[in-house]
Amino acid sequence: MQSADRILVLGIGNILWADEGFGVRVVEALDRDFALPAPVGVMDGGTQGLYLLPHIENLDALIIVDAIDYGLAPGSFRILRGADVPAFLGAHKMSLHQTGFQDVLATAQLLDRCPRDLVLIGVQPAVLDDYGGGLTDVVAARVQEAVDAVLAELRDRHGIEARRRDAAQGGLIDPRLSREAYENGRPSAEMACRIGDPRVLGFGL
């Protein structure tokens with residue numbers, strides 16, 4: 001039995017800054033390995049902020065996946081629900097994209113169009129200030145756990161069973177930015193500065 005609820009699985013974050021890309025990498029893996037029925041959408045929300053508002057208005061359920069500052073050890077995994085989601089994001093903003101997404105939720109609430117059911121699946125990042133870096137090992141180890149948590153939410157709370165694809169499928173992420181291509185194609189530290197231009201950093205800006 002499948003639910004007729006309108007549900008969106010939304011990965012947010014910036015893949016250019018190491019563990020900040022966790023949410024995007026989770027929805028990439030989910031879409032690659034599993035087919036979901038029509039009531040469920042899967043989206044790479046990146047860092048789009050208020051541009052995401054039309055995509056979340058009046059949903060029955062929104063499942064957000066992101067790197068979250070829980071104040072715990074790197075790689076710690078937690079799930080928040082309901083009113084705890086906007087309250088936590090409002091108090092524990094870790095990056096500009098979370099500031100933007102907090103605005104999205106606040107606007108949806110103001111318009112009385114907030115998703116009925118909110119779930120936040122997150123991992124504590126280990127490294128953020130590594131421009132061009134991929135996921136650290138401790139955070140990468142949580143990607144499959146997050147995928148499994150999304151599947152459990154869909155199954156246990158909405159009666160929706162995902163079907164494992166016979167073969168991996170791309171499409172959600174530009175192939176040039178897929179996790180494999182992005183991380184394996186990274187230039188050496190000698191070829192590409194990891195933290196920025198030292199001439200600018202020397203002024204303490």
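**Salt bridges and nonpolar cores**

Visitor: Where do Arg-179 and Glu-183 lie, and how far apart?
Guide: Both belong to helix H7 (a DSSP run of H or I, at least four residues, numbered from the N terminus). Arg-179 and Glu-183 are four residues apart there, about one turn of the helix.

Visitor: What kind of model is this?
Guide: The model is predicted; local features need pLDDT of at least 70 and side-chain atom pairs pLDDT 80 or more, whereas totals for chains, interfaces and linings use all residues. Residues are numbered from 1 along each chain as its sequence is written, and side-chain values use heavy atoms, without hydrogens and water.

Visitor: How do the side chains of Arg-179 and Glu-183 meet?
Guide: In a salt bridge, at 3.4 Å from N to O; the term requires a side-chain nitrogen of Lys or Arg within 4 Å of a carboxyl oxygen of Asp or Glu.

Visitor: Are they buried or exposed?
Guide: Neither: Arg-179, at 25% relative accessibility, counts as partly exposed, and Glu-183 counts as partly exposed at 27%. Buried means under 20% relative accessible area and exposed over 50%, with partly exposed in between (1.4 Å probe, protein chains only).

Visitor: Which residues do shared salt bridges join into one network?
Guide: Arg-81, Asp-117, Glu-153 and Arg-157. The structure holds 14 salt bridges.

Visitor: And what about Glu-28?
Guide: Glu-28 pairs with Arg-25 in a salt bridge, with 3.0 Å between the closest N and O atoms. About one helical turn separates the two, because they are three residues apart in helix H1. Glu-28 and Arg-25 are both buried.

Visitor: Which residue does Asp-156 meet in a salt bridge?
Guide: The partner is Arg-155, at 3.1 Å from N to O. Asp-156 counts as exposed, at 57% relative accessibility, while Arg-155, at 37%, counts as partly exposed.

Visitor: Changing topic: which members of the largest nonpolar core touch the most others?
Guide: Phe-22, Ile-63, Ile-121 and Val-150, out of 28 residues. Such a core joins buried Ala, Val, Leu, Ile, Met, Phe, Trp, Tyr and Cys residues through side-chain atoms within 4.5 Å.

Visitor: Which helix gives the most to this core?
Guide: H6 does, with seven residues. Apart from this core lies another, of 22 residues, including Leu-10, Ile-68, Tyr-70 and Leu-105.

Visitor: What is Phe-22 in contact with?
Guide: Beyond its neighbours within four places in sequence, Phe-22 is in contact (heavy atoms within 4.5 Å) with Val-65, Asp-66, Ala-67, Val-123, Leu-135, Val-139, Arg-142, Val-143 and Ala-146.
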